[in-house]
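Work through the following exercises with the sequence and the structure side by side. Each task is followed by a solution that proceeds step by step.

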Amino acid sequence: MQKQHFIDNAWQGGSSPEMIAVVDPSTGTTFGSLARGTAADIARAVASSRAAVGDTFDGPWGRLSAAQRGRLMMRLAAAVTERNEEFAQIEARDTGKSMKTARVDATALARYFEYYGGAADKLHGDTLPYEHGYTVLTIREPHGVTGHIVPWNYPMQIFGRTVGASLAAGNACVVKPAEDASLSILRLAELAAEIGFPAGALNVVTGYGHEAGAALTAHPGIDHISFTGSTVTGRLVAEAAAKRHCPVTLELGGKSPQLVFDDADLDQALPVIVNAIIQNAGQTCSAGSRVLVQRGIYETVLERLAERFRALRAGPPVLELEMGPLVNEKQYGLVKGFIDAAEAERIPVVARGSVHPEAASAGYYQAAVLFRDVPHTSALAQKEIFGPVLAAMPFEDEAEAIRLANGTDYGLVAGVWTRDGARQFRVARALRCGQVFINNYGAGGGVELPFGGVKSSGHGREKGFEALLGFTVLKTIAIKHG
Ligand code: NDP
């Protein structure tokens, strides 16, 4: 299987003959190749998207009415829904995620296109009170051409929430998927062409981040950049964008806490707390990777979490176990490095899951691990591990819980487990992050719910109606009519 770029509604060879191997993380074997995109390929894709929008929004995509755009997006949503199993299989093979998770991702992808398709013609400006003799109005215009750098952990979902919102607002999109997870996005672009999206509305250039990705962020024809990935690469993207004053949305992951107070309903909380860290084998930006537990129930919670961790299995996607492998050898090495370092520091392990006997020895499988008494300043408590590793630590009272929860460089999501209504509000207001879940935890969920971070977790909001606003420019028109 050899995949080219998808530009102008057609498969197109790259300017370089070099290809990138596509590896199945569950076996470590190569099963295809991708075009290794260059700056010239990015330039071709940007030119195609610019033509689709048109200089004055008069191109074949730019002149569509909002309702027409919305209808096309609804058709894409329906086409994805019909092919849920096909998309799930592509994603599971490419990223190693379990079929169960991949089906959920394909469903969410369709839902994003449905949501944003329905919202396209509800996005409008305002009229403003001003001086006598004037009428003043605002209109929301698209940026023009938006660039999207999509990581490998949730390619379909992240495509849905950024590209879906951008298309609905009237932009044309150039997408650079992660080299480890490009296949579902290429198939989506092909499907969009089949159902009638005009050429150039959606272009996909594959390749490495430091080549095709960097070329995309630096290209003067890109009017807005949407990036999801690591804090380090996020900084590079923001610097490249700042050089030409290009707006950028950054979603950079986190070290999200789950706070368990001594009045929490543990039967309800514990399965959710476990799922919040093992979902997608821990490779989730909003993973609940720290569990902060009030002292009085600390031992009980650890005992009950340990029981659940011992039952967790990592195995090939087809077995539909709790977890698949990690995405690649690099990620496996990173996660293992954190675990080894924590053990060398003698941070106690409470429980481990297992790797299924049918898992290929060359696959990148990491069993889930639960650590306890994790020092607040340790790497385990401060760094994003992006693997199935949960750090537990006790707290005495509400003030300490808030201090620990807020005490990292990140601020993406938090979960709070308590039956005390006043405390629910107090703690939710005191937490420095973009989303707070009370007595639930929505890692990755909620198409309708604005999502994004503070501090090193990034800025700008994805999901919900809020994301649409970010993909528009507000223009004010003041008319003096006497
Ligand atoms: P990166 O941030 O390097 O990669 C994310 C995306 O950025 C990929 O599409 C990548 O392309 C692209 N990219 C890489 N370098 C550049 C660049 N110079 N300019 C533009 N785009 C670029 O993350 P990694 O894959 O290296 O993973 C490392 C860590 O990042 C993880 O352990 C995790 O902590 C975090 N991460 C967080 C994510 C989140 O959801 N917030 C998602 C993924 C990672 P390519 O892969 O083709 O190089």
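**Exercise 1: Domains and their interface**

Task: state which segments make up domain 1 and domain 2, and describe the area buried between domain 1 and domain 2.

Solution. In this predicted model, the domain assignment of the chain gives domain 1 as 2-252 + 458-480 and domain 2 as 257-446. The next step is to place the two parts relative to one another: the C-alpha centres of domain 1 and domain 2 are 31 Å apart. Turning to the contacts, one finds that 25 residues of domain 1 touch 28 residues of domain 2. The size of an interface is often expressed as the accessible area lost when the parts come together. Between domain 1 and domain 2 the buried area is about 2100 Å², and carbon and sulfur atoms give 52% of that area.

**Exercise 2: Polar links between the domains**

Task: find which residue forms a salt bridge with arginine 103, and determine which helix gives the most to the side of domain 1 that touches domain 2.

Solution. The count of salt bridges between domain 1 and domain 2 is one. Arginine 103 pairs with glutamate 320 in a salt bridge whose closest N and O atoms are 3.2 Å apart. The count of residue pairs in polar contact between the two domains, with both residues at pLDDT 80 or more, is nine. On the side of domain 1 that touches domain 2, helix H3 (84-95), helix H4 (99-119) and helix H5 (155-168) each supply at least two residues, and H4 gives the most, with four residues. By class, the residues of this side divide into seven nonpolar, ten polar and eight charged.

**Exercise 3: The ligand's surroundings**

Task: establish how many residues surround the ligand, and locate polar atoms that lie by its oxygen atoms.

Solution. The ligand is surrounded by 30 residues, the closest being Trp152, Lys176, Ser230, Lys330 and Glu384. For valine 150, a polar backbone atom is 3.0 Å from an oxygen atom of the ligand. For glutamate 179, a polar side-chain atom lies 2.8 Å from a ligand oxygen, while for serine 230 the corresponding side-chain distance is 2.7 Å.

**Exercise 4: A salt bridge within a helix**

Task: explain how aspartate 41 and arginine 44 are placed in helix H1.

Solution. The whole structure holds 29 salt bridges. Aspartate 41 and arginine 44 meet through their side chains in a salt bridge, with an N to O distance of 2.7 Å. Because aspartate 41 and arginine 44 are three residues apart in helix H1 (residues 39-53), about one helical turn separates them.

Technical notes. Residues are numbered from 1 along each chain as its sequence is written. This is a predicted model: local features need pLDDT of at least 70, side-chain atom pairs count only at pLDDT 80 or more; totals for chains, interfaces and linings use all residues. Side-chain values use heavy atoms; hydrogens and water are left out. Domain bounds come from an automatic or database domain assignment. Contact means heavy atoms within 4.5 Å. Buried area is the accessible area (1.4 Å probe) that two parts lose on being put together, summed over both. A salt bridge is a side-chain nitrogen of Lys or Arg within 4 Å of a carboxyl oxygen of Asp or Glu. A polar contact is a pair of N or O atoms within 3.5 Å; within protein, one must be able to donate a hydrogen and the other to accept it, and residues adjacent in sequence count only if both atoms are side-chain atoms. Ala, Val, Leu, Ile, Met, Phe, Trp, Tyr, Cys and Pro count as nonpolar, Asp, Glu, Lys and Arg as charged, and the others, Gly among them, as polar. A residue is near a molecule or strand if one of its heavy atoms lies within 4 Å of it.
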